[in-house]
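I opened this model to take notes on its fold, its charges and its backbone. The entries follow in the order I looked things up.

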Amino acid sequence: MEPLVSWLRVWAWSPVLPAPLLAGFAPLLAALRRARPDGPRSAARPRSRHHTTIELEDLLERVAAAGALAAAAALAGAPDAGASGYATVLQRVVAADPAAWTADVPAVLAALVLPELGAFYLAAAAAAARRPEVFPAGPAEAVLAALALSRALPAPSDPHVPDAGEYAGRAWSGLLTFVWRTGDGLGDLGGDLPAVLDQLHALTEPLTHPAAARPPTAAAVAPATPASGPAGPPSDRAAGEEQGLPAGVLDAHPAVRALDCLLDYAASRALRDGQMPGDVLNLVAGVVAARGGDEAVAAVIGARLPLLHRRATAFTAAHQDEVYGLVPGRPSPAAAWLHDRHGPGLDPLLLAALDGGQLLAVLREEPSGCAAFRVVHALLTGHDGLLGDPVATWRELAAGPGGAETASAFLGHLALFTGMRPVDRTSLDTEQVWWTAVLDAGLPPGALADAGYFAAALPDEVWLPLARRRTVHSPAQKDAGRVVERAAAHPREPDALLLAVYVLTRPVPEGAYDGDVRRHARALLQRAEALSAPGRSAEAAQLRRALIEAGEVDLAADDDGLAAVNHVSQPGC
């Protein structure tokens, strides 16, 4: 008998299922139709937030027939005007004919009427800013209008669901970033540049105050009318609106965007040290003092930290702790720079400006991440004293709970990075110095487990004696098969034979010896025993015994002194 749930499913799907599939359920369906003449209930499917009354194709046809202003007026008259789906529609329609849509920005904004549509439109225009036909009259009117909209619209509330405030922020930040970094359109701003900078300062100013205990109560803001000229002063907003931003502001918040944009502007003006605008640096000083621990703020300043380190040395010296400080668990510009995978370059000189003890604390927290990558690169490019004495550094890394694993992870990161052979390295013996130091540091077992990755990083004459010393210290190691494979190429070297012996006597991994290790160790033994007597190493006998005890019992048949003993000791023999 069919379970009830499958019958209900058939009833729910009966309006769309073909008749042959319903044939076996005819009596059931007939009874249900008598009980419910209106048929099965169907839940109304909610519309996607991307749905719009006016489709993209219709809008493109209207632009072709009557121009951008007529299309903008049609959007303003749509029953769902202002819906978020029009952001995508406008992005595509503006990209199809950017010259038509940016020839007269104030007229288009007036035709769109709604601030939401204006924000969507300006963001679409900003996305097309690099095309040569865009903004024939310059981007100044678009920048000022986007800034006015950003101050009038509510701040973005959800980074995963962009709203009009988010699009307004994208518009002015994208346009200004393009202007600052390329110089294109900078002259077009002309006399409007002071008004633009004033608005950016006003937007950033709330970050110079400590975080509010709770989000401020939003005052009513009148609907914005997109403007083509400079917006009014900050006082035209509700009283206290600039104050009391909560902690943890998003990176899409207008205040954070404005800070980012001002730093881009300052960078474009500073060709050498001391040329960054003082008003921008004073604002940044207030921000780092009040909100330097906010993740979004720290990320923005951290992305410019290399530039500040070189072009604003007086500023960074005066704010050493706020800018360069590294406190575990607390965001800071230096921490953001250290952990940024896609940001500015490795910069060993900036790394050397950080406190060595704080940097070691970061490495203990993350011994094989972005910070470790920057540290290893600095060590390889001539900054040998970055962490101080190598032996003392290893002991410091290994101190505390989990210290052996931390030291091993950093050692493995050093091995893997040097194996990549970076083209800008200048220190030729970094690996040898730091590997020797970790062996001399007297660390607990397990602290050298990742040294196996050096098998691909050093020349034989350096690698072999260090690998043997490391194996004596900690026989269990990662990449053991590769280690023994490389040792197998040196049957005349006692270090190679002893290395294989110690690897074979390491703790048994997962109940069985590693097959690769035994195979390469046998190859080494065969090559060693094939040598003539003068070249044969006495350690070959130790390797044979180690192989037999590891399970290669067939080798005992060739060893008169060990055959009886080892056959007795092997289970099942």
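**Entry 1: overall fold.** I began with the contacts in the chain that have a separation of 6 or more, and 72% of them are between residues 24 or more positions apart. I note here that this is a predicted model. I then went through the secondary structure and found 32 helices and zero strands. The chain has 573 residues, and buried residues make up 47% of them. For the accessible surface I got about 27,000 Å², with 55% of it belonging to carbon and sulfur atoms.

**Entry 2: helix 16.** I asked which residues of helix 16 are buried. In this helix, residues 295-303, I listed Ala296, Val297, Ala298, Val300, Ile301 and Gly302 as buried. I next looked up what these buried residues pack against, and the partners are helix 14 (254-269), helix 15 (278-291), helix 17 and helix 20.

**Entry 3: salt bridges.** I counted 17 salt bridges in the structure. As background, I wrote down that side chains of opposite charge can pair when their charged atoms come close. I followed up three of the pairs.

The side chains of Arg310 and Asp347 form a salt bridge, at 2.6 Å from N to O. I placed Arg310 in helix 17 (residues 305-311) and Asp347 in the loop between helix 20 (333-338) and helix 21 (348-353), so the pair links distant parts of the chain, 37 residues apart. Is Asp347 buried or exposed? Asp347 is buried, because its relative accessible area is 14% and the cut-off is under 20%. Arg310, at 35% relative accessibility, counts as partly exposed.

The next pair was Glu396 and Arg364, where the closest N and O atoms of the salt bridge are 3.4 Å apart. Glu396 is in helix 24 (residues 390-397) and Arg364 in helix 22 (residues 356-365); this pair also links distant parts of the chain, 32 residues apart. I looked up the accessibility of both partners. Glu396 is partly exposed, with a relative accessible area of 38%, and Arg364 is partly exposed too, with 28%.

For the third pair, I found the side chains of Glu552 and Arg522 in a salt bridge of 2.6 Å, N to O. Why does this pair tie together separate parts of the chain? Glu552 lies in the loop between helix 31 (539-549) and helix 32 (560-569), whereas Arg522 lies in helix 30 (residues 515-529), so the parts it ties together are 30 residues apart in sequence. Glu552 counts as buried, at 13% relative accessibility. I then traced shared partners and found that salt bridges join Arg518, Arg522, Glu552 and Asp554 into one network.

**Entry 4: a charged patch.** I checked the surface for a group of like charges. Glu55, Glu57, Asp58 and Glu61 form a negative surface patch. Of these I placed Glu57, which is in helix 4 (residues 56-66).

**Entry 5: backbone angles.** Most residues other than glycine have a negative phi. I therefore noted two residues with a positive value, as that general rule gives a reason to look. Val113 has a phi near 65 degrees, and its place is in the loop between helix 8 (105-112) and helix 9 (115-127). Phe135 has a phi near 55 degrees and sits in the loop between helix 9 and helix 10 (140-152). I also looked up the accessibility of Phe135, which is buried, with a relative accessible area of 9%.

**Entry 6: two acidic residues and their neighbours.** I picked Glu116, in helix 9. Glu116 is partly exposed, with a relative accessible area of 27%. Leaving out residues up to four places away in sequence, Glu116 touches Gly82, Leu153 and Ala164. I also took the C-alpha to C-alpha distance from Glu116 to Leu149: 8.6 Å in space, with their positions 33 residues apart in sequence.

I did the same lookup for Asp495, which is found in helix 29 (residues 494-504). Which residues does Asp495 touch, not counting those up to four places away in sequence? I found Leu464, Pro465 and Arg468. The C-alpha atoms of Asp495 and Leu464 are separated by 6.5 Å, and the two residues are 31 residues apart along the chain.

Technical notes: Residues numbered from 1 in each chain as written. Predicted model: local features only at pLDDT ≥ 70, side-chain atom pairs only at ≥ 80, totals over all residues. Heavy atoms only, no water. Patch = residues over 30% accessible without salt bridge, like charges linked within 9 Å, V, L, I, M, F, W, Y side chains within 5 Å. Areas by Shrake-Rupley, 256 points an atom, 1.4 Å probe, with all protein chains shown as cover. Salt bridge = Lys/Arg side-chain N within 4 Å of Asp/Glu carboxyl O. Lys, Arg positive; Asp, Glu negative; His and termini not counted. Charge placed at Lys NZ, Arg CZ, Asp CG, Glu CD. Helix = DSSP H or I, 4+ residues; strand = E, 2+ residues; numbered from the N terminus. Buried < 20%, exposed > 50% of the residue type's maximum accessible area, 1.4 Å probe, protein only. Contact = heavy atoms within 4.5 Å.
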